[in-house]
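Here is a set of questions and answers on one protein model. Keep the structure open and check each residue as it comes up.

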Amino acid sequence: MKMFNFILVTTTLIMGKETWALENCLQEQARLRAQVRILETRVKQQQVKMAQLLHEKEVQLLDRGEENIAIHLGDRRQYADCSEIFNDGYKRSGFYKIKPLQSLAEFPVYCDMSDGGGWTVIQRRSDGSENFNRGWNDYENGFGNFVQQNGEYWLGNKNLHLLTTQGDYILKIDLSDFEKNSRYAQYKHFRIGDDKNSYELTIGEYSGTAGDALSGSFHPEVQWWASHQRMKFSTWDRDNDNYNGNCAQEDQSGWWFNRCHSANLNGLYYKGPYVAKTDNGIVWHTWLGWWYSLKSVVMKIRPNDFIPNSV
């Protein structure tokens, strides 16, 4: 009987300790769960606050007109071009990061939100500060000033291909001279081929005020040598033109040369009329001829079916 009582008391004590330990464990779990919920709430609140601060900072920088910044879009989504950014509510021109559908990474680009909005700028000439007499690799990957509003740059043939194969794009070219005159040329169905096709140029119907220098349609007798339609890209170290010599080497730029050109927007930066061995300036023949080098150029693209979101 004494042994039985001893066993009974011992068992009761052990079970009591286990019950107490279990209750303590459950209480500790409940306490930890409550702490986790509190921490999760605080993290969410901090994330919201950070997003608000970033947006406020972005607006402040834009309002002051500061350069050397890329406008931060947060983690809302990835944008295939500037038209998507515009229609998502960002109406300020500036540098943004985009990621075309087949691109492996984001890259910076200037978005022109004027002129109807949503333009992705693929090339800019403004002051001659950038060297455009470059080789194949530079033109393929892109080069120039991607931080200043009027910085000169070439977006890169790889990126042009990625952009223009994801839809039907319009190319608009804004031109100005040193006498404060301006013109524009616009082409439907702008497309750049892949590297295997040497980034071949395709353009469609022309409209504008500068004349159709890209297709060479200004005179049927010169179109066979002046047209840039279906031309492969050429640089001084990769000659793909139809000329016996090397157009890119003679004209000191990379471009879609034929024999050689009626337009060359990557030429040397002269200030208006110039004299040289070849017509190697920034040329748009149908406006100011071969021997006048333009002051500024902006090449920009936008989807053909773009409809501005007014909301």
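Q: Is Lys188 buried, partly exposed or exposed at 35% relative accessibility?
A: The model is a predicted one. Buried means under 20% relative accessible area and exposed means over 50%. Lys188 has 35% relative accessibility, so this residue counts as partly exposed.

Q: Which residue forms a salt bridge with Lys188?
A: Lys188 lies in strand 7 (residues 182-192). The closest N and O atoms of the pair are 3.9 Å apart, and a salt bridge needs a distance within 4 Å. The partner is Glu205.

Q: How many residues apart in sequence are the parts that Lys188 and Glu205 tie together?
A: Glu205 is exposed, with a relative accessible area of 53%. Glu205 sits in the loop between strand 8 (201-202) and strand 9 (206-208), whereas Lys188 is in strand 7. The pair therefore ties together parts whose separation in sequence is 17 residues.

Q: Why is strand 14 (residues 296-303) largely enclosed by the rest of the structure?
A: Strand 14 has eight residues. The enclosure follows from burial, because the number of these residues that are buried is six.

Q: Which strand pairs with strand 14 over eight bridges?
A: Strand 3 (residues 119-125) pairs with strand 14 in the antiparallel sense over five bridges. Val121 stands opposite Lys300 there. Another antiparallel pairing with strand 14 has eight bridges, and Leu175 has Val297 as its bridge partner in strand 14. The strand with eight bridges is strand 6 (residues 169-176).

Q: Which residue forms a salt bridge with Lys300?
A: The closest N and O atoms are 2.9 Å apart. The pair links distant parts of the chain, strand 14 and strand 6, 126 residues apart. Lys300 counts as buried at 1% relative accessibility, while its partner counts as partly exposed at 24%. That partner is Asp174.

Q: Which residues are linked with Asp174 and Lys300 in a network of salt bridges?
A: A search of the whole structure finds 11 salt bridges. Some of them join up into a network that holds Asp174 and Lys300. The other members are Asp112, Asp115 and Lys172.

Q: Over which ring does the charged end of Lys172 sit?
A: Lys172 is also part of the salt-bridge network with Asp174 and Lys300. Its charged end lies 4.8 Å from the centre of the ring. The ring belongs to Tyr184.

Q: Is Arg134 buried or exposed?
A: Arg134 and Asp138 meet through their side chains in a salt bridge (3.1 Å, N to O). Asp138 counts as partly exposed at 31% relative accessibility. Arg134 has a relative accessible area of 19%, and the limit for burial is under 20%, so Arg134 is buried.

Q: Is the aromatic pair of Trp154 and Phe233 stacked, tilted or edge-to-face?
A: The count of aromatic pairs comes to 20. In this one the centres are 5.9 Å apart, with 40° between the planes. Stacked needs planes under 30 degrees apart and edge-to-face needs over 60, so the pair is tilted.

Q: How many residues apart are Trp154 and Phe233?
A: Trp154 counts as buried at 0% relative accessibility, and Phe233 counts as buried at 0%. Trp154 is in strand 5 (residues 153-154), and Phe233 is in the loop between helix 5 (223-226) and helix 6 (247-251). The pair links distant parts of the chain, and the separation is 79 residues.

How values were computed
Residues numbered from 1 in each chain as written. Predicted model: local features only at pLDDT ≥ 70, side-chain atom pairs only at ≥ 80, totals over all residues. Heavy atoms only, no water. Buried < 20%, exposed > 50% of the residue type's maximum accessible area, 1.4 Å probe, protein only. Helix = DSSP H or I, 4+ residues; strand = E, 2+ residues; numbered from the N terminus. Pairing = 2+ DSSP bridges. Phe/Tyr/Trp six-rings, centres within 6.5 Å; stacked < 30°, edge-to-face > 60°. Lys NZ or Arg CZ within 6 Å of the ring centre and 35° of its normal.
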